[in-house]
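Thanks for coming. I have one structure to go through today, so please look at the screen and stop me if a residue is hard to find.

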Amino acid sequence: MSLSKMIMGQSGNQGSGAPTNIENLFAVNSYTGTASEKQITNNIDISTNGGMVIIKNMQSSGTSHNVFDTVRGRAARVATNLNSEEFTSSSTQDFKSFNSDGFTLNATAFNTNINVNNQKYNAITFRKAENFFDIVTYTGNNTSGRTIAHNLGVSPAMIWVKKRNSSEDWSVWSKHLHTNSSSKTTQFLKLNSSSSATSYIQAANAATFTVGNDGRVNEDTHTYVAYLFASHDGNTGTFGDSGNQDIIKIGTYTGNQSNGKEIDVGFEPQYLMLKNLDSNNDWFTFDYKRGISFVNKHFFVVYPE
């Protein structure tokens, strides 16, 4: 059976020294919790430029994928695997700071399971940058056709939206998903679920994205956060020493249920997210820190026998 898949990948290093190289924008960090103040150094300046950090306990099953970003502030946390409203810590800030070279966790961060002593963690960092990644917050007004400005500088290939002040599924829109032209509704995915449904993100361009009046993306007086990702193909990126290298790719491929299916993304990826579009299967994430093998510009999907 042939299956459509959605892929999201970030490249490996494309050079050194220039602030437009991938190592200045994206990192996968593995660390061991200490239940004491802990600094993660990855040489990404998210304190100045802004960005997002996703932290996951890799040893304890059922733990959340915790998302922190500079726009909502270090005390605010949402989880990609939950539909829960945003949690804001009160007296103690578990995520202590976004730094010019990474981030710091507080000694009490074991409370949110991002720094439990002797537990293994993975942290994914995205820095805000044109033609790569952006973060937008807004308040809903229940108006269909509303446009929301962003600073990605190009049309986004994928947008994640989460209602912050009450429980609601994550809405994942992509230009690669099916759109109904008459109703302007689009198939969307849920980060916190294996199912798909209908989204009321109606369109996106290099300056704005357009939402409907659905509660997932634009309920009156409710607050939202949107994470926007670019996609590069055929030297549409503006990075690396030559200023034209591709570092992020969002697209689809069709499975063939053969071991070792090879997919060319145009660069050597460090991180992948995969989702089956044809059936209700879980999201899968892979990265080079946990041992997946990437060869040059390709990655390989291995199907069970």
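Start with Asn 131, which is buried, because its relative accessible area is 7% and the cut-off for buried is under 20%. Before I go further: this is a predicted model. Asn 131 sits in the loop between strand 10 and strand 11. Its phi is positive, about 65 degrees, although Asn 131 is not a glycine.

There is another asparagine to put beside it. Asn 142 lies in the loop between strand 11 and strand 12, the latter being residues 146–149. Asn 142 also has a positive phi, of about 60 degrees, and is likewise not a glycine. Is Asn 142 buried or exposed? Neither label fits: Asn 142 is partly exposed, with a relative accessible area of 39%.

In the loop between strand 11 and strand 12 you will also find Gly 140. Gly 140 counts as buried, at 4% relative accessibility. What does Gly 140 touch, leaving out residues up to four places away in sequence? The list is Arg 146, Asn 218, Glu 219, Asp 220, Thr 221, His 222 and Tyr 224. Take His 222 from that list: it is 82 residues from Gly 140 along the chain, yet their C-alpha atoms are separated by 5.3 Å.

Now into strand 11 itself, residues 133–139, where Asp 134 has its place. Asp 134 is an acidic residue to look at with its surroundings, since it counts as buried at 3% relative accessibility. Which backbone atom does the side chain of Asp 134 reach? That atom is the backbone nitrogen of Asn 151, at 2.7 Å. Not counting residues up to four places away in sequence, Asp 134 touches Lys 128, His 150, Asn 151, Leu 152, Ala 226, Tyr 227 and Leu 228.

Tyr 227 comes up again in the nonpolar core. The largest such core has 48 residues, and Tyr 227 is among those with the most contacts inside it, along with Met 52, Phe 132, Tyr 138, Trp 160 and Phe 229. Which strand gives the most to this core? Strand 20, residues 223–229, does, with 6 residues. A second core, separate from that one, has 16 residues, including Phe 95, Phe 103, Leu 105 and Ile 114.

That leads to strand 8, residues 95–99. Of its 5 residues, 4 are buried, so strand 8 is largely enclosed by the rest of the structure. A hairpin of 2 residues joins strand 8 to strand 9. Strand 9 covers residues 102–105, and the two strands pair in the antiparallel sense over 4 bridges. If you want one bridge to find on the screen, Asn 99 has Gly 102 in strand 9 as its partner.

Next, a sheet. It is an open one, formed by 6 strands in the order 2-10-4-5-6-7, with antiparallel pairing. Why is one side of strand 2 and of strand 7 left without a neighbour in the sheet? Strand 2 (26–32) and strand 7 (87–88) stand at the edges and each has a single partner strand, so one side of each has no neighbour there. For strand 2 the pairing is with strand 10, residues 120–127, over 7 bridges and in the antiparallel sense. Within that pairing, Thr 32 has Lys 120 in strand 10 as its bridge partner.

Stepping back to the whole chain. It has 305 residues, of which 53% count as buried. The secondary structure comes to 2 helices and 26 strands. Among contacts with a separation of 6 or more, 65% are between residues 24 or more positions apart. The accessible surface is about 12600 Å², and 42% of that belongs to carbon and sulfur atoms.

Last, confidence. The mean pLDDT of the chain is 85, and 83% of the residues reach 70 or more. Over residues 1–5 the pLDDT is below 50, and this stretch has 23 contacts in the model beyond near neighbours in sequence. Residues 13–19 also stay under 50, with 24 contacts beyond four places in sequence. Where pLDDT is low, the predicted coordinates should not be read in detail. Please keep that in mind for residues 1–5 and for residues 13–19 when you go back to the screen.

Definitions and conventions
Residues are numbered from 1 along each chain as its sequence is written. This is a predicted model: local features need pLDDT of at least 70, side-chain atom pairs count only at pLDDT 80 or more; totals for chains, interfaces and linings use all residues. Side-chain values use heavy atoms; hydrogens and water are left out. A nonpolar core is a set of buried Ala, Val, Leu, Ile, Met, Phe, Trp, Tyr and Cys residues joined through side-chain atoms within 4.5 Å. Buried means under 20% relative accessible area, exposed over 50%, partly exposed in between (1.4 Å probe, protein chains only). pLDDT is the predictor's confidence in each residue, from 0 to 100. Contact means heavy atoms within 4.5 Å. A polar contact is a pair of N or O atoms within 3.5 Å; within protein, one must be able to donate a hydrogen and the other to accept it, and residues adjacent in sequence count only if both atoms are side-chain atoms. Two strands pair if DSSP finds at least two bridges between them. Accessible areas come from the Shrake-Rupley method with a 1.4 Å probe; for residues, only the protein chains shown count as cover.
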